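Here's a protein to look at together. Have the sequence and the 3D view ready, and let's go through it piece by piece.

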Amino acid sequence: MFDLTGKVALVTGAGQHVGLAIARDLARQGAAVAINDIVADRAKSAAEDLAREGGRAIAAPADATDLEAVKESVRRIESELGPVDILVSNAGNSGATRAVPTAFVEMDPKDWSQYVDINFYAVLNGIHAVLPGMCERRHGRIITISSDAGRQGINMGMSIYSGGKAGALGFQRSLACEVGKHQVTVNAVSLGMIPGDWDPGTPKAIPLGRFGVPEDVGPAVVFLASDEASWITGQILSVNGGVYRNV
Ligand SMILES: NC(=O)c1ccc[n+]([C@@H]2O[C@H](COP(=O)([O-])OP(=O)(O)OC[C@H]3O[C@@H](n4cnc5c(N)ncnc54)[C@H](O)[C@@H]3O)[C@@H](O)[C@H]2O)c1
């Protein structure tokens, strides 16, 4: 089950942390994986790591918020690996620069796009680049890495991030309806907190009693990417330690 041999996957923002763990699990299941990241060295060393571990991976550095760059990168991936069967839009958060949590009322409108571009437009860009081929071939898996912050209010000075994530979720619900007839599925994985190099405090409200780790995410993506998930579309799969979300 969940064999991805012969499939080609593109994972955005896969140079580190959650994206890298997703790429690693896709490669372990047999997919050839293109590692996108805006930081070229990160993409390169991630691809080298996966290749050393026995997977097939190439670096595909590009700015996911730049549609032309994404289209050019997909052309190159397709010439090296073949048509993209699985797109995982993982690049997110605050994009290339670190987030500065700020209350909306205090935020400069010129900073809004930092969150909207990466969490919403980058998702559109990747899908726009691969969807025509998927529809033509009558097979495709579109998977977006979202956040519980796009489904429920959080009081962390990240309201535009929440808006970007929620926008992508709303978009995919309708996209799933549009492309189902082409046997392309469109789903999201909604994450709870998966700390990186920051202190998240204590996991008070998480039923399973711990924060996530990047390795929690790959198996969910592998499942949605597999042939076995061919009758699942338009869904949001929570990977968050059991916190209930009603959206
Ligand atoms: N870590 C969490 O707690 C958490 C919680 C909920 C949702 N998420 C979501 O999971 C995803 C991964 O999060 P993470 O914590 O691993 O992020 P991260 O910041 O550790 O890694 C993101 C990667 O994306 C790359 N990137 C940034 N801007 C890019 C761009 N314009 N084009 C291409 N690559 C770009 C970065 O260089 C980096 O390597 C994001 O969509 C995030 O919103 C994370």
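## A starting point: helix α1

Let's begin with H17, a residue of helix α1. Keep in mind that this is a predicted model. Is H17 buried, partly exposed or exposed? Its relative accessible area is 31%, so H17 counts as partly exposed. The backbone has something to show here too: phi of H17 is near 50°, which is a positive value in a residue other than glycine.

Now move along to R28, which is also found in helix α1. R28 has a relative accessibility of 59%, so this residue counts as exposed; the cut-off for that label is over 50%. Which distance separates the C-alpha atoms of R28 and G54? They are 8.0 Å apart, with their positions 26 residues apart along the chain.

## Strands side by side

Next, find strand β2, residues 32–35. On one side, β2 is joined up with β1: the two strands run parallel, with 4 bridges between them. If you want a pair to click on, take V8, whose bridge partner in β2 is A32.

Strand β2 also pairs with β3, residues 56–59, again in the parallel sense and over 4 bridges. A32 turns up here as well, since its bridge partner in β3 is R56. One step on, V33 has A57 as its bridge partner in β3.

What about the two faces of β2, covered or open? Both are covered: A32 and A34 sit on one side, V33 and I35 on the other, and all of them are buried.

## Strand, helix, strand

Now follow the chain from strand to strand. β1, α1 and β2 make a β-α-β unit, and this unit is right-handed. Carry on from β2 and you meet another one: β2, helix α2 (residues 40–52) and β3 also form a right-handed β-α-β unit. Strand β2 is thus part of both units.

## The nonpolar core

Time to look inside. The largest nonpolar core has 32 residues, and L26 and V189 are the ones that touch the most other members. Several elements give two or more residues to this core: the strands are β1 (8–11), β2, β4 (86–89), β5 (140–147) and β6 (184–191), and the helices are α1 (17–28), α2 and α6 (218–225). Which element gives the largest share? That's α1, with 6 residues.

## A small empty space

Is every bit of the inside filled with atoms, or is some space left over? Rolling a probe the size of a water molecule over the atoms shows where empty space is left. In this model there is 1 cavity of 30 Å³ or more. About 70 Å³ of space lies in the largest cavity.

Which residues line the largest cavity? They are L10, T12, N36, A62, A64, V70, S73, V74, I77, A122 and G126. Sorted by type, the lining has 7 nonpolar residues, 4 polar ones and no charged ones. Helices α3 (67–80) and α4 (112–137) each supply at least two residues of this lining, and α3 gives the most, with 4 residues.

## Three more residues to find

After helix α3 comes a loop that leads to β4, and G82 has its place there. With a relative accessibility of 14%, G82 counts as buried, because the label applies under 20%. G82 and R137 are 55 residues apart in sequence, while their C-alpha atoms are 12 Å apart in space.

V116 is found in helix α4. Its relative accessibility is 26%, so V116 counts as partly exposed. Its C-alpha atom is separated by 9.6 Å from that of A168, and the two residues are 52 residues apart along the chain.

Finally, try Q183, in the loop between α5 (159–179) and β6. Q183 is not a glycine, although it has a positive phi, of about 65°. Is Q183 buried, partly exposed or exposed? The relative accessible area of Q183 is 42%, so it is partly exposed.

Key:
Residues are numbered from 1 along each chain as its sequence is written. This is a predicted model: local features need pLDDT of at least 70, side-chain atom pairs count only at pLDDT 80 or more; totals for chains, interfaces and linings use all residues. Side-chain values use heavy atoms; hydrogens and water are left out. On a 1 Å grid over the protein atoms alone, a cavity is a set of points where a 1.4 Å probe fits but cannot get out, and a pocket is an open set with protein on both sides within 12 Å along at least five of seven lines; lining residues have an atom within 4 Å of a point. Grid points are joined across faces, edges and corners, and a volume is the space filled by probe spheres set on the points. Ala, Val, Leu, Ile, Met, Phe, Trp, Tyr, Cys and Pro count as nonpolar, Asp, Glu, Lys and Arg as charged, and the others, Gly among them, as polar. Two strands pair if DSSP finds at least two bridges between them. A crossover is right-handed if, with the strands pointing away from the viewer, the path from the first strand over the helix to the second runs clockwise. A nonpolar core is a set of buried Ala, Val, Leu, Ile, Met, Phe, Trp, Tyr and Cys residues joined through side-chain atoms within 4.5 Å. Buried means under 20% relative accessible area, exposed over 50%, partly exposed in between (1.4 Å probe, protein chains only).
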